[in-house]
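Visitor: I have this structure open and would like to talk it through with you. Could we begin with what a term means and then move on to the residues?

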Protein chains: 2
Amino acid sequence: METEGQRTVSSQGLAHASGVTSAQVRKDLSYFGNFGKRGLGYAVARLRKEIRLILGLNRRWRVALVGAGNMGSALFAYKEFRRQGFDIVAVFDVSADRIGQKWRDLTVRHIDELRAETERLGLDIGVIAVPARSAQGVADRLVAAGMRGVLNFAHRRIQVPPSVALRTVNLSIELESLAFAIKALGAKATGASRRTRATA
Amino acid sequence: METEGQRTVSSQGLAHASGVTSAQVRKDLSYFGNFGKRGLGYAVARLRKEIRLILGLNRRWRVALVGAGNMGSALFAYKEFRRQGFDIVAVFDVSADRIGQKWRDLTVRHIDELRAETERLGLDIGVIAVPARSAQGVADRLVAAGMRGVLNFAHRRIQVPPSVALRTVNLSIELESLAFAIKALGAKATGASRRTRATA
DNA sequence: TCGTGTGAACGAATTCACAGCG
DNA sequence: CGCTGTGAATTCGTTCACACGA
């Protein structure tokens, strides 16, 4: 909306754009502050700034990528991360034929260097892109190195202490959930069942 | 548990393994049927079978991948998909230097062939791994080709008719949400704020 | 005795609806 | 007027607690 030169937006406009109700938008925003003007709506630029502040996007984050395989290289190439304020400034692996590879302006390092590099570079977040069996070990090393957040792409639930933020993205589950939704849609079409639910 | 030879499991055991309460486990499972035996718990093999049936994993799904770039090739290489019953049996792109590439036992095709291939191969699900600006166009073609589900990895919200299941995976949002959680943890540590919430 | 399945109680989240401000 | 911000009403989801079957 800001790019398109729109100055203000109502809770209803935001609701329409994001697929929730206008009351929801107002309640949620008012939880963080009084950003709107009665009779007018929300100033787009101001609101965007406030939300970025709330989310912690008013700074750049330094990200370490662990795992230089297929998933790792795809994540490294994903331009949106940088655009949203997340810079991948270190890549680690254990495989001898990957260590030493030049990835753009940085070199793939052995994971033994994780701790030293974390301090040297001031890394904040570690991204796990290794096989499932190695995931917990990598998580432990990320925590020991002092990371404050971990994003796990391995197909395994991992544990970190409560002082570290954790998110796991399980790609298989995304497809499984699609399969379930397709089943539900089919059942709805034939009228064979209730308990269908919108997905998004 | 099945692999480890465990025969039965209580709702409490499942709760512990999955990070919810035992009452939640019982309520949720009982919604789909009476799978447990009082005094014993749930038979692991039976329960696993029932859940796979509920999720629609009692068959194989035929998946088309659109976008043969970094993300596409990472998804193509991701072995868990096949293991969970999702076979990527076609890959499409528009770029001349990608079309014709051999990816394992299949050939990258021009997206114009999507419709014909969907019918020929009986494709169920389309995965979008293209730049944000092309995402809606690809989605429209997937729908027109007759896909029943769409998994979108592009950094954009897309629309499909209600007869088609849709899921969007926004990788940036995963990192943004980590940033927010890290902020919340920091605030908690300094006692500067309430409203922290567990992540997982 | 153990542990499910499930009403009833509770708590959380959403929606309603409107006072009040620009 | 138009539209926010917010208590009150309502709906939804979770937890409690226990009858009952294995």
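Guide: Let us settle one word before we start: contact means heavy atoms within 4.5 Å. Please also keep in mind that this is a predicted model.

Visitor: Okay, so which residues does Ile88(A) touch, not counting those up to four places away in sequence?
Guide: Ile88(A) touches Val63(A), Leu65(A), Leu75(A), Phe76(A), Phe81(A), Arg82(A) and Leu106(A), once residues up to four places away in sequence are set aside.

Visitor: And where does Ile88(A) lie? Is Ile88(A) buried or exposed?
Guide: Ile88(A) is part of strand E5 of chain A, which covers residues 86–93. Its relative accessible area is 11%, and Ile88(A) is therefore buried, since buried means under 20%.

Visitor: How far apart are the C-alpha atoms of Ile88(A) and Leu123(A)?
Guide: Their C-alpha atoms are separated by 9.3 Å, while along the chain the two residues are 35 residues apart.

Visitor: Phe81(A) was on that list, so what aromatic pair does Phe81(A) form?
Guide: The structure holds six aromatic pairs over all chains. One of them joins Tyr78(A) and Phe81(A) in an edge-to-face arrangement, with 4.9 Å centre to centre and 70 degrees between the planes.

Visitor: Why give both a distance and an angle?
Guide: Both are given because a pair of aromatic rings is described by the distance of the centres and the angle of the planes.

Visitor: Are Tyr78(A) and Phe81(A) buried or exposed?
Guide: Tyr78(A) has a relative accessible area of 13% and is buried, and Phe81(A), at 4% relative accessibility, counts as buried.

Visitor: What about Tyr78(B) and Phe81(B)?
Guide: Tyr78(B) and Phe81(B) form an edge-to-face aromatic pair, at 4.9 Å centre to centre and with 70 degrees between the planes. Tyr78(B) counts as buried at 15% relative accessibility, and Phe81(B) counts as buried at 5%.

Visitor: Staying with rings, what sits over the ring of Trp61(A)?
Guide: The charged end of Arg59(A) sits over that ring, 3.6 Å from its centre. In chain B, Arg59(B) lies over the face of Trp61(B), and the value given from the ring centre is 3.6 Å.

Visitor: Let's change topic. Which residues come nearest to DNA strand D?
Guide: There are 21 residues around DNA strand D, and of these Ser11(A), Arg26(A), Gly39(A), Tyr42(A) and Lys27(B) come nearest. Of the atoms of DNA strand D that come within 4 Å of the protein, sugar and phosphate account for 58%.

Visitor: Which atoms of Arg38(A) and Gly39(A) lie by a sugar or linking oxygen there?
Guide: For Arg38(A), a polar side-chain atom lies 3.1 Å from a sugar or linking oxygen of DNA strand D, whereas for Gly39(A) a backbone N or O atom lies 2.9 Å from a sugar or linking oxygen of that strand. Chain B takes part as well, with a polar side-chain atom of Gln24(B) at 3.3 Å from a sugar or linking oxygen of DNA strand D.

Visitor: Which elements give two or more residues to that surface?
Guide: They are helix H2 (22–32), strand E2 (36–37) and strand E3 (41–43) of chain A, together with helix H2 (22–32) of chain B. By class, the surface near DNA strand D has three nonpolar, ten polar and eight charged residues.

Visitor: And which residues come nearest to DNA strand C?
Guide: Of the 20 residues around DNA strand C, the nearest are Lys27(A), Ser11(B), Arg26(B), Gly39(B) and Tyr42(B). Here sugar and phosphate account for 56% of the strand's atoms that come within 4 Å of the protein.

Visitor: What do Thr21(A) and Arg26(A) lie by on DNA strand C?
Guide: A polar side-chain atom of Thr21(A) lies 2.9 Å from a phosphate oxygen of DNA strand C, and a polar side-chain atom of Arg26(A) lies 3.1 Å from a base nitrogen of DNA strand C.

Visitor: Last one: what is Leu171(A) in contact with, leaving aside its neighbours within four places in sequence?
Guide: Leu171(A), which lies in helix H8 of chain A, is in contact with Met71(A), Leu75(B), Tyr78(B), Phe81(B) and Phe153(B), leaving aside those neighbours. Leu171(A) is also buried, with a relative accessible area of 3%.

Terms used: Residues numbered from 1 in each chain as written. Chains lettered and ligands numbered in written order. Predicted model: local features only at pLDDT ≥ 70, side-chain atom pairs only at ≥ 80, totals over all residues. Heavy atoms only, no water. Phe/Tyr/Trp six-rings, centres within 6.5 Å; stacked < 30°, edge-to-face > 60°. Buried < 20%, exposed > 50% of the residue type's maximum accessible area, 1.4 Å probe, protein only. Lys NZ or Arg CZ within 6 Å of the ring centre and 35° of its normal. Near = heavy atom within 4 Å. Polar contact = N/O pair within 3.5 Å; in protein donor to acceptor, adjacent residues only side chain to side chain. Helix = DSSP H or I, 4+ residues; strand = E, 2+ residues; numbered from the N terminus. Nonpolar A, V, L, I, M, F, W, Y, C, P; charged D, E, K, R; others polar.
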